[in-house]
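Here is a set of exercises to work through with the chain open in your viewer. Try each task before reading its solution.

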Amino acid sequence: MQVGGREFRDSLPTGLARVPVIELVSLAFGSYPNVESFNSGFRPGHPKMCLTLDGEPDAEVGDAVLHRRLVEAFPGLTAHLCQAGGSDPRRGICLVEDDPTANQAHLLEHLMLEMLSSLDGVGRLSGVTCAYSSPPERSDIFVECDRPDSGSLVSLMALEAMNAALAGEPLAPCYPDMLVCARELRGCSADAWLAAGLARATGLPTGRTAAALEALSRVRVVQEVPFAMNFSGEPLYRFVGVGGTSA
Ligand SMILES: [Zn+2]
C-alpha cells in the first residue's frame, strides 16, 4: 500500500460478521492538509486515513449507551482530549445533542485512535470528524495514520466493534483481546498458530485467545489453515491482514 491520496477500495473490509448498521463507504490515505485547521493537534503534513461512512439514524442503542459500552471495553478512551464543536479540549468524548449519526462517527473516530495507538505503540494521534449536510447520515473521519495496513486493520475491527455494540453484544473481553492478538500475530514470523501458542505469547487465557482468533477469523484478519495432520483437532490460524486471500 502507498500513502498519497489513493483510495483502497479493494481493501475495504468484506468480512463483517453481521449486517452492519454503520456502513463503510470508502477508505483512503493521504495528507489531507485542508482538514488540519479543524484540530490544532494535527501535525502538518502527517499521513492520515480518511473513512467515509453512513451512520444509523434510527439505532435502538442511544449515543450515551453506545459511549458507555465503548468506554467499558476500552477505558483508555476516557483519557482522550476532545474538542468537538470547537470547544476547549476536554477529557473523554464530547457528544452533541440530537445527532446520532454524527455521534456514531465521532465515537468511531476515537475508537480508531485508541486502537491505532495500541496496535502501533504510538502515544499521540489526532483526528477529526466532519458530518455531511447531505446525505445527513454521512460523515468523513480523518485520523493520523503512519501505516495504511494498520489503518485498514483498525478500521475493520473498530467498525465491527461499533456494530456489535449497537447490536447489544458485549465488547469486552473479545474486542480488546482481538487487538492484542492482531498485534502479536502481525509482529511474529510464525506461519500458523494454535490458540494455546498464541496465548503463551500474549499472556491471555487460552479460552479468550481462541475466542479472539475465531472473531478475527470472522472478519478475515486471520484464516483457518486446513491441516490434515493436526491431530489435536484444534483450529490452526495464520495472519493474513486486511484483504488477504487463501494461499
Ligand atoms: Zn472528539
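The exercises below concern a predicted model, and each is followed by a worked solution.

**Exercise 1. Overall layout**

Find how many helices and strands the chain has, and in which order the elements run.

*Solution.* Begin with the count: there are 6 helices and 8 strands. Next, walk along the chain from the N terminus, and the elements read β-β-α-β-β-α-β-β-α-α-α-α-β-β. Now turn to burial: of the 247 residues, 40% are buried. Finally, look at contacts with a separation of 6 or more: residues 24 or more positions apart account for 63% of them.

**Exercise 2. Two helix pairs**

Work out how H1 is oriented relative to H2, and how H4 is oriented relative to H6.

*Solution.* Take the pair H1 (residues 63-73) and H2 (residues 100-120) to start with.

1. Their axes come within 10 Å and cross at roughly 10°.
2. Angles under 35 degrees count as roughly parallel, so H1 and H2 are roughly parallel to each other.
3. On the H1 side, Asp-63, Leu-66, His-67 and Leu-70 take part, and they meet Pro-100, Asn-103, Leu-107 and Leu-111 of H2.
4. Sorted by class, this contact contains 5 nonpolar, 2 polar and 1 charged residues.
5. A helix rule helps in reading such a list: an α-helix has 3.6 residues a turn, so residues three or four places apart point the same way.

Then repeat the steps for H4 (residues 174-187) and H6 (residues 206-218).

1. Here the axes come within 9 Å and cross at roughly 80°.
2. Angles of 65 to 115 degrees count as roughly perpendicular, which makes H4 roughly perpendicular to H6.
3. H4 contributes Cys-174, Asp-177, Met-178, Cys-181 and Ala-182, while the H6 residues include Arg-208, Thr-209 and Leu-216.
4. The class tally for the contact of H4 with H6 is 9 nonpolar, 1 polar and 2 charged.

**Exercise 3. A buried helix and a hairpin**

Decide whether H3 is largely enclosed or open, and describe how E5 and E6 are joined.

*Solution.* Helix H3 covers residues 148-166, which is 19 residues. From its first C-alpha to its last it reaches 27 Å, close to the 27 Å expected at 1.5 Å a residue. Counting burial, 18 of the 19 residues of H3 are buried, so the helix is largely enclosed by the rest of the structure. After H3 comes Gly-168, with a positive phi near 85°.

Now move to the strands. E5 (residues 127-131) and E6 (residues 138-144) run antiparallel and are joined by 5 bridges. One bridge partner to locate is Ser-139 in E6, which pairs with Ala-131. Together E5 and E6 form a hairpin, with 6 residues between them.

**Exercise 4. Buried or exposed?**

Classify Ala-105 and Ser-40 as buried or exposed, and place each in the chain.

*Solution.* Ala-105 is in helix H2. It has 26 C-beta neighbours inside 10 Å; as 20 or more is the cut-off, Ala-105 counts as buried. Beyond its neighbours within four places in sequence, Ala-105 is in contact with Leu-53, Gly-55, Thr-129, Ala-131, Ser-139 and Ile-141. Two of these, Ala-131 and Ser-139, are the bridge partners from Exercise 3.

Ser-40 lies in the loop between strand E1 (23-30) and strand E2 (48-54). With 9 other C-beta atoms within 10 Å, Ser-40 is exposed. Its C-alpha is separated by 9.5 Å from that of Gln-83, 43 residues apart along the chain.

**Exercise 5. Backbone details**

Identify where the peptide bonds before Pro-135 and Pro-173 stand, cis or trans, and give the sign of phi at Asp-98 and Arg-220.

*Solution.* Keep the background in mind: most residues other than glycine have a negative phi, and most peptide bonds are trans.

- The bond from Ser-134 to Pro-135 is cis, with omega near -5°; Pro-135 lies in the loop between E5 and E6.
- The bond from Ala-172 to Pro-173 is cis, with omega near 5°; Pro-173 lies in the loop between H3 and H4.
- Asp-98 has a positive phi near 60°. It sits in the loop between strand E4 (90-91) and H2, and its 7 C-beta neighbours inside 10 Å make it exposed.
- Arg-220 has a positive phi of about 65°. It sits in the loop between H6 and strand E7 (222-224), and with 19 other C-beta atoms within 10 Å it is partly exposed.

Methods
Residues are numbered from 1 along each chain as its sequence is written. This is a predicted model: local features need pLDDT of at least 70, side-chain atom pairs count only at pLDDT 80 or more; totals for chains, interfaces and linings use all residues. Helices (H or I, at least four residues) and strands (E, at least two) are DSSP runs, numbered from the N terminus. A residue is buried if 20 or more other C-beta atoms lie within 10 Å of its own, exposed if 12 or fewer, and partly exposed in between; C-beta atoms are placed from the backbone. Axes are lines fitted to C-alpha atoms, for helices over the stretch in contact, and angles run from 0 to 180 degrees between N-to-C directions. Angles under 35 degrees count as roughly parallel, over 145 as roughly antiparallel, 65 to 115 as roughly perpendicular and the rest as oblique. Two residues are in contact if their C-beta atoms, placed from the backbone, lie within 7 Å. Ala, Val, Leu, Ile, Met, Phe, Trp, Tyr, Cys and Pro count as nonpolar, Asp, Glu, Lys and Arg as charged, and the others, Gly among them, as polar. Two strands pair if DSSP finds at least two bridges between them. The expected span of a helix is 1.5 Å times one less than its number of residues.
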